[in-house]
Amino acid sequence: MNGRADFREPNAEVPRPIPHIGADYIPTEEERRVFAECNDESFWFRSVPLAATSMLITQGLISKGILSSHPKYGSIPKLIFACIMGYFAGKLSYVKTCQEKFKNLENSPLGEALRSGQARRSLPPGQSKQIWRYLG
């Protein structure tokens, strides 16, 4: 014995190791399909509507005089900025939805890494150190 108490139950399921997902990771065909689906859906269902809405609101604010237009370029710079911000806001707003799609994939190292990361983050502060102390 090494002086440590073994608190694991005899029939407890041993957690699988977290797969390493690095820069050299090659996604599976199913993961590629989900990547393409997420990219397409985030563009059409989030980025385009948010970009268009932000441009319409910006143009409305310029027309009412709340925002001033540029003397030389008019409303174009502010509209371009609103479009870009709407685009990125749409992409960012879809991240959690895409993560859930990957988590639902079976036999996916990326999905497994996301599921494992979710479990680790849900532990109370300091508990992960206690767990590693007993497992290590």
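**Cysteines and a bent helix**

Me: In this predicted model, why is cysteine 83 called partly exposed?

Reply: Its relative accessible area is 29%. Partly exposed runs between the 20% and 50% cut-offs, so cysteine 83 fits that label.

Me: And what makes cysteine 38 count as buried?

Reply: Buried means under 20%. Cysteine 38 has 6% relative accessibility, so it counts as buried. Cysteine 98, with a relative accessible area of 13%, is buried by that cut-off too.

Me: How do you know that a disulfide joins cysteine 38 to cysteine 98?

Reply: Check the sulfurs: S to S is 2.2 Å, and the cut-off is within 2.5 Å, so the pair qualifies. By this rule the count comes to one disulfide. With -140 degrees about the S-S bond, the link is left-handed.

Me: What does the pair of cysteine 38 and cysteine 98 tie together?

Reply: Cysteine 38 sits in helix H1 and cysteine 98 in helix H3 (residues 95-103), so parts 60 residues apart in sequence get linked.

Me: How do you know that the span of H1 agrees with what a helix should give?

Reply: H1 (residues 29-63) has 35 residues, so at 1.5 Å a residue it should span 51 Å; the end C-alpha atoms are 49 Å apart, which agrees. H1 does bend, by about 40 degrees at phenylalanine 43.

Me: Why is proline 109 called partly exposed?

Reply: Proline 109 has a relative accessible area of 28%, and that falls between 20% and 50%, so partly exposed is the right label. Proline 109 lies in helix H4 (residues 109-121).

Note on methods
Residues are numbered from 1 along each chain as its sequence is written. This is a predicted model: local features need pLDDT of at least 70, side-chain atom pairs count only at pLDDT 80 or more; totals for chains, interfaces and linings use all residues. Side-chain values use heavy atoms; hydrogens and water are left out. Helices (H or I, at least four residues) and strands (E, at least two) are DSSP runs, numbered from the N terminus. Buried means under 20% relative accessible area, exposed over 50%, partly exposed in between (1.4 Å probe, protein chains only). The expected span of a helix is 1.5 Å times one less than its number of residues. The bend at a residue is the angle between axes fitted to the seven residues ending there and the seven starting there.
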